[in-house]
Amino acid sequence: MITETKIYKLYMTYEEFAIFYKYTKDIGYEYSCGDIDEDDEPWLLTLYDDMLDDCCDILGKQMDYFDREGMRGSYNEIRGLLNLIYINR
């Protein structure tokens, strides 16, 4: 049986990457940073589809926690990351 694995490339700002990495650093995706002064989105992340699914699961659970605790600012940060991921899928 042949399976096809999709590779995703995500570009993030410094702030987006800081939040994303905080919760997903154990997934094992590749990341690199370009010139922060010249680029609005210097971080490039490379993830396989199963890695991206794992990241979405982790972020979704964290977002649910923030929602239950009434932490609207943190909830909205995670929601923004998930929106970024869904747009790039």
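Where is the place of Thr24? I went to the predicted model and found Thr24 in helix α1, which covers residues 14-24.

**Thr24 and its neighbours**

I checked burial next, and Thr24 counts as buried, with 1% relative accessibility. I then looked for what its side chain reaches. One hit is the backbone oxygen of Phe20, at 2.6 Å. Another is a polar contact of 2.8 Å between the side chains of Thr24 and Tyr29. Leaving out residues up to four places away in sequence, I have Thr24 touching Tyr29, Cys55, Ile58 and Leu59. So Tyr29 turns up both as a touching residue and as a side-chain polar partner of Thr24.

**Cysteines**

Cys55 was on that contact list, which sent me to the sulfurs. How many disulfides does the structure hold? I get zero. Cys33 is in no disulfide, and the nearest cysteine sulfur to it belongs to Cys55, 18 Å away. Cys55 is in no disulfide either; for Cys55 the nearest cysteine sulfur is that of Cys56, at 7.0 Å. A pair has to lie within 2.5 Å to count, so the 7.0 Å between the sulfurs of Cys55 and Cys56 rules that pair out. I also noted accessibility: Cys33 is partly exposed at 36%, whereas Cys55 is buried at 0%.

**Strand β1**

Which side chains of β1 are buried? I walked along residues 7-12 and saw the side chains alternate. Tyr8, Leu10 and Met12 point to one face and are buried. Ile7, Lys9 and Tyr11 point to the other face and are not buried. That is the usual strand pattern, because side chains in a regular strand alternate between the two faces of the sheet.

I looked up the pairing partner too. β1 pairs with β3, residues 43-48, in the antiparallel sense, and six bridges join the two strands. For Tyr8, one of the buried side chains of β1, the bridge partner in β3 is Leu47.

**Charged pairs**

Last entry: salt bridges. Side chains of opposite charge can pair when their charged atoms come close, so I went looking for such pairs. The count comes to one salt bridge. Arg72 forms it with Asp67, and their closest N and O atoms are 2.8 Å apart. The cut-off is 4 Å, so the 2.8 Å between Arg72 and Asp67 falls within it. Are the two residues buried or partly exposed? Arg72 is partly exposed, with a relative accessible area of 41%, and Asp67 is partly exposed too, at 40%.

Technical notes:
Residues are numbered from 1 along each chain as its sequence is written. This is a predicted model: local features need pLDDT of at least 70, side-chain atom pairs count only at pLDDT 80 or more; totals for chains, interfaces and linings use all residues. Side-chain values use heavy atoms; hydrogens and water are left out. Buried means under 20% relative accessible area, exposed over 50%, partly exposed in between (1.4 Å probe, protein chains only). Helices (H or I, at least four residues) and strands (E, at least two) are DSSP runs, numbered from the N terminus. Two strands pair if DSSP finds at least two bridges between them. A salt bridge is a side-chain nitrogen of Lys or Arg within 4 Å of a carboxyl oxygen of Asp or Glu. A polar contact is a pair of N or O atoms within 3.5 Å; within protein, one must be able to donate a hydrogen and the other to accept it, and residues adjacent in sequence count only if both atoms are side-chain atoms. Contact means heavy atoms within 4.5 Å.
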